[in-house]
Amino acid sequence: MAIASSELVEREIRIEAPPSVVFEFLTDPAKMVRWMGTEAVLEPWPGGRYYVNPSGHEPASGKVLEIIPDRRLVFSWGWEGGALPLPPGQSTVEISLEPDGDGTRLRLTHRDLPADLHSYHGLGWDYALPRLATVAAGRDPGPDPLRSIVRGTLMVARSLPPRYLYRFALRRLRPLKSRQPQR
């Protein structure tokens, strides 16, 4: 279920795994990269570092604000590198886990986003949370589409305002240009 308002992005999903298993996939960096990103760091204490690189190109970072094992994780979030006008730590992500029969009800709230980045972050969570549900339930989520330059670019083009696309594209193309042989 997706809910969007002018102040926040909310998502809710049921996962076929107990809260303790889901929590591990939110806090163990090796398990995080199985559903989101190419690298991750999470220091599981208030004030600890939160870092994830969802596509391999644009890392996001912040600080752990609250952590209650198997129940709740709150961290600040923003993008490194300046391609998007949301610096590290500027927004807040709250994730709550509740037992739901043999599974877990996950509720995510992402607040303090600039209005023109709601769609982008909403689409990102719509992509990431089903992958989390799949891997936490013990199944293979398949190849990560955000690691594909074509699929990642299509997602960005569908959800970002045009004024950010140029900076975003430059960041994606720089690594390709540096790999070209020098003449």
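Student: Which residue offers the backbone nitrogen that the side chain of Ser 76 reaches at 2.7 Å?
Tutor: This is a predicted model in which local features need pLDDT of at least 70 and side-chain atom pairs count only at pLDDT 80 or more, while totals for chains, interfaces and linings use all residues. Residues are numbered from 1 along each chain as its sequence is written, and side-chain values use heavy atoms, with hydrogens and water left out. A polar contact is a pair of N or O atoms within 3.5 Å; within protein, one must be able to donate a hydrogen and the other to accept it, and residues adjacent in sequence count only if both atoms are side-chain atoms. At 2.7 Å, the side chain of Ser 76 reaches the backbone nitrogen of Lys 63.

Student: Is Ser 76 buried or exposed, and at what relative accessibility?
Tutor: Buried means under 20% relative accessible area, exposed over 50%, and partly exposed in between, with a 1.4 Å probe and protein chains only. Ser 76 lies in strand β6 (residues 72-79), where helices (H or I, at least four residues) and strands (E, at least two) are DSSP runs numbered from the N terminus. In β6, seven of the eight residues are buried. Ser 76 itself counts as buried because its relative accessibility is 7%.

Student: Which residue in β7 is the bridge partner of Ser 76?
Tutor: Two strands pair if DSSP finds at least two bridges between them, and β6 pairs with strand β7 (residues 91-100) in the antiparallel sense over six bridges. Contacts, meaning heavy atoms within 4.5 Å, link Ser 76 with several residues beyond four places away in sequence, including Tyr 50, Ser 91 and Thr 92. The bridge partner of Ser 76 in β7 is Thr 92.

Student: Which residue takes a positive phi in the hairpin of β5 and β6?
Tutor: Strand β5 (residues 60-68) runs antiparallel to β6, joined to it by six bridges, and Ile 67 stands opposite Leu 73 of β6. Three residues lie between the two strands of the hairpin. The residue in question is partly exposed, with a relative accessible area of 32%, and its phi near 65° is a positive value in a residue other than glycine. That residue is Asp 70.

Student: What is the relative accessible area of Gly 81?
Tutor: Gly 81 is found in the loop between β6 and β7, and its C-alpha is separated by 9.1 Å from that of Ala 60, which is 21 residues apart from it along the chain. Gly 81 counts as exposed because its relative accessible area is 61%.

Student: Which element gives the largest share of the largest nonpolar core?
Tutor: A nonpolar core is a set of buried Ala, Val, Leu, Ile, Met, Phe, Trp, Tyr and Cys residues joined through side-chain atoms within 4.5 Å. The largest has 40 residues, of which Ile 15, Trp 35, Tyr 50, Trp 77 and Leu 106 touch the most other members. The largest share of this core, nine residues, comes from α3.

Student: What span does helix α3 reach from its first C-alpha to its last?
Tutor: Helix α3 (residues 118-136) has 19 residues, and 15 of them are buried. The expected span of a helix is 1.5 Å times one less than its number of residues. Close to the expected 27 Å, the span of α3 is 26 Å.
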